[in-house]
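Hi there,

Here is the structure I promised to pass along. Have a look at it first, and then read on for what turned up.

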Amino acid sequence: MNISVVGTGYVGLVTGVALSHIGHTVTCIDIDEMKVEKMRQGISPIFEPGLEELMVENTEAGRLFFTTDHLKGFSKAEVVYIAVGTPEKEDGSANLMYIEQVVKDIAAHVDHDLIVVVKSTVPVGTNHYVKELLDDQVREGVRIDVVSNPEFLREGSSVYDTFNGDRIVIGADHSEAADVIEEINKPFGVPVFKTDIKSAEMIKYASNAFLATKISFINEIANICGKLGADVESVANGMGMDKRIGSMFLNAGIGYGGSCFPKDTKALTQIAANIDHDFELLKSVIKVNNNQQAFMMNQAKERFGELAGKQAAVLGLAFKPNTDDMREAASIVLCEQLLNQGVAVKAYDPVAMDTARKVIPEDVQFVSSPEEALKEADFVFIVTEWQEIQEIPLASYIKWMKTPVLFDGRNCYALKEVRKHSIEYHSIGRQPVLNYEAVGNVK
Ligand SMILES: NC(=O)C1=CN([C@@H]2O[C@H](COP(=O)(O)OP(=O)(O)OC[C@H]3O[C@@H](n4cnc5c(N)ncnc54)[C@H](O)[C@@H]3O)[C@@H](O)[C@H]2O)C=CC1
Ligand SMILES: O=C(O)[C@H]1O[C@H](OP(=O)(O)OP(=O)(O)OC[C@H]2O[C@@H](n3ccc(=O)[nH]c3=O)[C@H](O)[C@@H]2O)[C@H](O)[C@@H](O)[C@@H]1O
């Protein structure tokens with residue numbers, strides 16, 4: 001089929017590339033000229049494992065095109081996917097201005113019937129609003145169906161997730177339109193769940209909110225474990241063996257970040273508030289997450305008392321491993337807090353340095369290896385569990401740091417291993433390893 005995808009961010013580009021890979025002819029449209037130019041040159045504008053190779057393969061095969069020209073992009077399209085951002089407004093609700101602009105673009109340039117698929121995460125009712133806007137604005141005689149097809153991929157594994165998803169949700173008012181979208185997706189071999197439009201829209205928010213709830217729940221359990229002498233990893237393993245609970249998303253840490261959980265949980269409380277429903281549970285999930293981001297900072301203050309004049313290393317800046325995305329990354333808040341306390345900060349990330357520079361205060365010194373970050377540091381915050389960071393030998397902290405005091409916000413090291421080393425180690429929901437004497441002997 002001839003498909004256009006509007007917006008080439010994490011969702012749009014991966015969707016466009018994947019749809020071309022299963023045989024469709026896909027034109028990706030973006031207003032960002034630099035992005036489009038890069039993609040034409042075979043360079044992915046985002047870091048996603050496996051994406052660039054697949055993009056190049058399908059461009060060379062003549063199935064994948066990039067343009068900034070909506071008219072050209074829509075000219076042959078039978079289906080148009082909308083994958084532009086829906087960022088949060090100041091009150092937490094979803095900002096639909098990019099969606100509204102795409103609707104205008106479609107109405108202005110399309111002179112044939114088509115199906116519009118909304119992939120962006122949008123509040124319940126938005127697909128019907130999009131349909132109304134289109135019906136008002138399109139040329140006479142043109143029929144446009146709107147289908148909700150929310151996206152569930154994770155950054156860092158988006159290509160894998162697209163080909164190995166748990167389900168494809170299709171929400172439609174007319175079964176014919178739903179059938180077309182099902183047919184398009186058939187080669188993925190992923191189970192399809194068809195429903196009405198509003199339920200499809202809600203499935204997306206409810207899924208993200210539920211996953212965020214799981215994370216805040218285990219973080220609360222972790223904080224209690226830490227005080228009672230229990231070990232949250234054992235607790236999570238024991239809980240996860242119950243199939244009704246499941247073992248995934250029970251990793252305690254310094255909370256969830258990223259472009260979606262923070263914004264979608266706030267948007268859902270706002271969606272509920274609009275119909276006078278106080279979503280107390282979700283509000284608590286958000287509050288717990290905000291508190292959790294400050295966890296390592298509180299640990300450090302408790303440990304050192306005064307932090308002014310100290311030197312800190314921050315390892316990992318992206319909101320999670322395998323991405324260069326810095327949206328709502330815990331590292332931003334942590335670096336600000338450290339600087340405010342008068343701490344000198346050296347930071348390292350294997351991939352996200354360029355994106356980090358745009359959002360992390362400039363007083364932070366960016367360095368090009370873990371060793372440089374750790375050299376002469378009084379303490380380290382481990383913020384993102386990149387493989388490279390997890391593989392730093394514990395002995396290296398002793399070798400490089402002034403005092404090997406570790407605050408591990410992602411529980412990267414097994415306590416059994418840590419205990420073999422002369423370091424001081426604080427993690428989340430597990431007992432600290434306090435080799436004070438040994439620490440005193442270092443250097
Ligand atoms: N990032 C993720 O992992 C996931 C995101 N989502 C949802 O998907 C949507 C998109 O998210 P991301 O891909 O992260 O966004 P993004 O911000 O990375 O990309 C959006 C792209 O749309 C382009 N754009 C904006 N207006 C345009 C227009 N009128 N015409 C053409 N292009 C236009 C922008 O230049 C940008 O490249 C959001 O609603 C998000 O909540 C859903 C699942 C996963
Ligand atoms: O709507 C979206 O944008 C996407 O949001 C999440 O995907 P993503 O944000 O890319 O990454 P996750 O792997 O879910 O991690 C989100 C945050 O939660 C944290 N997390 C995750 C899992 C866990 O057990 N503990 C934990 O603290 C991560 O460190 C990260 O900061 C969802 O997992 C996707 O299904 C969804 O499509």
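Please keep in mind that this is a predicted model.

Let me start with Arg 154. With 15 C-beta neighbours inside 10 Å, Arg 154 counts as partly exposed, because that class lies between the 12 or fewer of an exposed residue and the 20 or more of a buried one. Arg 154 sits in the loop that runs from strand 6 (144–148) to helix 7 (158–163).

Phe 249 is also on a loop, this one between helix 10 (232–240) and helix 11 (261–274). Phe 249 has 16 C-beta neighbours inside 10 Å, so it is classed as partly exposed. If you set aside the residues within four places of Phe 249 in sequence, its contacts are Leu 211, Lys 214 and Ile 215.

Both residues appear in the UniProt record. An unreviewed entry there gives a "binding site" feature at Phe 152, Leu 153, Arg 154, Glu 155, Lys 204, Phe 249, Leu 250, Asn 251, Ala 252, Gly 253, Gly 257 and Lys 320. These positions span 169 residues in sequence and their farthest two C-alpha atoms are 23.9 Å apart, so they do not all gather at one spot.

Now to ligand 2. There are 21 residues around it, and those that come nearest are Glu 155, Asn 251, Tyr 256, Gly 258 and Cys 260. Sorted by class, the shell holds 10 nonpolar, seven polar and four charged residues. Helix 9 (residues 197–228) supplies the largest share of that shell, with three residues. Ligand 2 lies between domain 1 (2–194) and domain 2 (203–291), because both give residues to its shell.

Away from the ligand, there is the nonpolar packing to look at. The largest nonpolar core has 127 residues, and Val 80, Ile 82, Val 116, Val 314 and Val 380 have the most contacts inside it. Helix 9 gives the largest share of this core, 10 residues. To see one of these residues in its setting, try Val 116: beyond its neighbours within four places in sequence, it is in contact with Val 80, Ile 82, Ile 106, Val 130, Leu 134, Ile 144 and Val 146.

One last item from the record: an unreviewed UniProt entry lists residues 313–415 as "domain: UDP-glucose/GDP-mannose dehydrogenase C-terminal". In the model, that stretch is 32% helix and 17% strand, with its end C-alpha atoms 21 Å apart.

Happy browsing, and all the best!

Terms used. Residues numbered from 1 in each chain as written. Chains lettered and ligands numbered in written order. Predicted model: local features only at pLDDT ≥ 70, side-chain atom pairs only at ≥ 80, totals over all residues. UniProt positions renumbered as here; feature names shortened; annotations may be inferred. Helix = DSSP H or I, 4+ residues; strand = E, 2+ residues; numbered from the N terminus. Contact = placed C-beta atoms within 7 Å. Near = placed C-beta within 6 Å. Nonpolar A, V, L, I, M, F, W, Y, C, P; charged D, E, K, R; others polar. Domains from an automatic or database assignment. Core = buried A, V, L, I, M, F, W, Y, C linked by C-beta atoms within 7 Å.
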